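Biologist: I'd like to learn how to read a model like this one. Can you walk me through it, feature by feature?

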Amino acid sequence: MIKKILVSQPKPASEKSPYFDIQAQYGVECVFRPFFKVEGLSSKEFRQQKINLLDYTAVVFTSRHAVDNYFKLAKEMRITIPEDMKYFCVIETIALYIQKYVQYRKRKVFFGDTGKIDGLMGQMARHKTEKYLVPLSSVHNDDIANLLDEKKLNHTECVMYRTVSNDFSEEEIKNFDYDMMLFFSPTGVKALKKNFPNFEQGNIAVGAFGPATAKTVEEEGLRLDLEAPNKAFPSMTGALADYLKRHNK
């Protein structure tokens, strides 16, 4: 019987989140506790990469973290970003988020529709003369660089933020009494082992979102009880509701 679920993500900002519906419908408690946090590089650390933000005419944003840290570093280094800078975002929500920092103008903000970098390639190829800067996390692969090379675009990748373990307090470790844990990234799974080196899964159910997370769960010697997305449920909340319906009879 599942009663208490640890969701390794920040608490949803909206009360309309499906997690709250699940709590009401199945009588479970969802505790939102990220296992890691994102930390921006300081301007001193960033300068070591010898990158001048004003050498570029366009920026490629793959996440809100990239947006926040790009503008934070510009401010710290007292750099005024030119008004004609172009922004290419993997998805519309990131494009809209830029309004937090600059006036939104369609002629300089572009976004893809797939949520992945390949969905932006058509628009970026139409702007072949731009010099693209791609802010990334300290943990990344070369997929974006390879794709831009393939399209013969002028680009430079740089690290602007890092993922660090959001360590548990002694109190949290002492009162760790969950029936189920949900993970959304390989980093979260590894952070569990860092915080609880002698972790014994026992009857605790483990859910993973995405193939890389599921793979890491198994590599860390844990039993995977729930995997999303799957053919029936594209979201973790849909898969979780189905799991509870079957197990909490």
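What follows is a walk from the whole chain down to single residues.

Modeller: Keep in mind from the start that this is a predicted model.

Biologist: Fine. How many helices and strands does the protein have?

Modeller: There are ten helices and eleven strands. The C-alpha atoms fill a box of roughly 60 × 35 × 35 Å along the principal axes.

Biologist: And what share of the residues is buried?

Modeller: Of the 249 residues, 46% are buried. You can also look at how far apart in sequence the contacting residues are. Among contacts with a separation of 6 or more, 66% are between residues 24 or more positions apart.

Biologist: What does the surface look like in terms of area and charge?

Modeller: About 13,800 Å² is exposed, and carbon and sulfur atoms supply 49% of that. As for charge, count 36 positive and 32 negative side chains, with the centres of the two sets 5 Å apart.

Biologist: Which residues does the UniProt domain annotation cover?

Modeller: The unreviewed UniProt entry annotates residues 25-237 as "domain: Tetrapyrrole biosynthesis uroporphyrinogen III synthase". In the model, that stretch is 31% helix and 24% strand, and its end C-alpha atoms are 12 Å apart.

Biologist: Let's move to a single helix. How do I read α10?

Modeller: Start with its length. Helix α10 runs over residues 236-247, twelve residues in total, and reaches 16 Å from its first C-alpha to its last, close to the 16 Å expected at 1.5 Å a residue.

Biologist: Is α10 enclosed or open to the outside?

Modeller: The general idea first: an α-helix has 3.6 residues a turn, so residues three or four places apart point the same way. Now the case here: nine of the twelve residues of α10 are buried, so the helix is largely enclosed by the rest of the structure. The buried ones form the run Met-236, Thr-237, Gly-238, Ala-239, Leu-240, Ala-241, Asp-242, Tyr-243 and Leu-244.

Biologist: What covers them?

Modeller: The cover includes strands β1 (4-7), β9 (180-183), β10 (205-209) and β11 (226-228), along with helix α1 (18-26). Phe-184 gives you a close-up of one contact with the helix: Phe-184 touches Met-236. Phe-184 sits in the loop between β9 and α8 (186-195), and its C-alpha is 9.0 Å from that of Met-236, although the two are 52 residues apart along the chain. Other contacts of Phe-184 include Val-7, Tyr-19 and Phe-209.

Biologist: Now the chain start. Is Lys-4 buried or exposed?

Modeller: Buried means under 20% relative accessible area, so Lys-4, at 19%, counts as buried. Lys-4 is in strand β1, and its contacts include Glu-29, Val-31, Asp-177 and Met-180. Compare Lys-3, in the segment before β1, which has a relative accessible area of 54% and is exposed. Lys-3 touches Val-28, Glu-29 and Asp-179, leaving aside residues up to four places away in sequence. To get a feel for distance across the model, note that the C-alpha atoms of Lys-3 and Gln-103 are separated by 46 Å.

Biologist: What does a fully covered side look like, say at Met-160?

Modeller: Met-160 has a relative accessible area of 0%, so it is buried. Met-160 belongs to strand β8 (residues 154-165). Its contacts beyond four places in sequence include Gly-40, Phe-46, Leu-53, Tyr-70, Leu-133 and Pro-135.

Biologist: Last topic, the backbone. What should catch my eye?

Modeller: Most residues other than glycine have a negative phi, and most peptide bonds are trans. Here, look at Arg-78, which has a positive phi of about 55° without being a glycine. Arg-78 lies in the loop between α3 (64-76) and β5 (86-89) and is exposed at 77% relative accessibility. Lys-152 also has a positive phi, near 55°. Lys-152 is in the loop between α6 (143-150) and β8, and is exposed with a relative accessible area of 71%.

Biologist: And which residues does the cis peptide bond join?

Modeller: Ala-228 and Pro-229, with omega at about -5°. Pro-229 is in the loop between β11 and α10.

Terms used:
Residues numbered from 1 in each chain as written. Predicted model: local features only at pLDDT ≥ 70, side-chain atom pairs only at ≥ 80, totals over all residues. Heavy atoms only, no water. Helix = DSSP H or I, 4+ residues; strand = E, 2+ residues; numbered from the N terminus. Expected span 1.5 Å × (residues − 1). Buried < 20%, exposed > 50% of the residue type's maximum accessible area, 1.4 Å probe, protein only. Contact = heavy atoms within 4.5 Å. Areas by Shrake-Rupley, 256 points an atom, 1.4 Å probe, with all protein chains shown as cover. Lys, Arg positive; Asp, Glu negative; His and termini not counted. Charge placed at Lys NZ, Arg CZ, Asp CG, Glu CD. UniProt positions renumbered as here; feature names shortened; annotations may be inferred.
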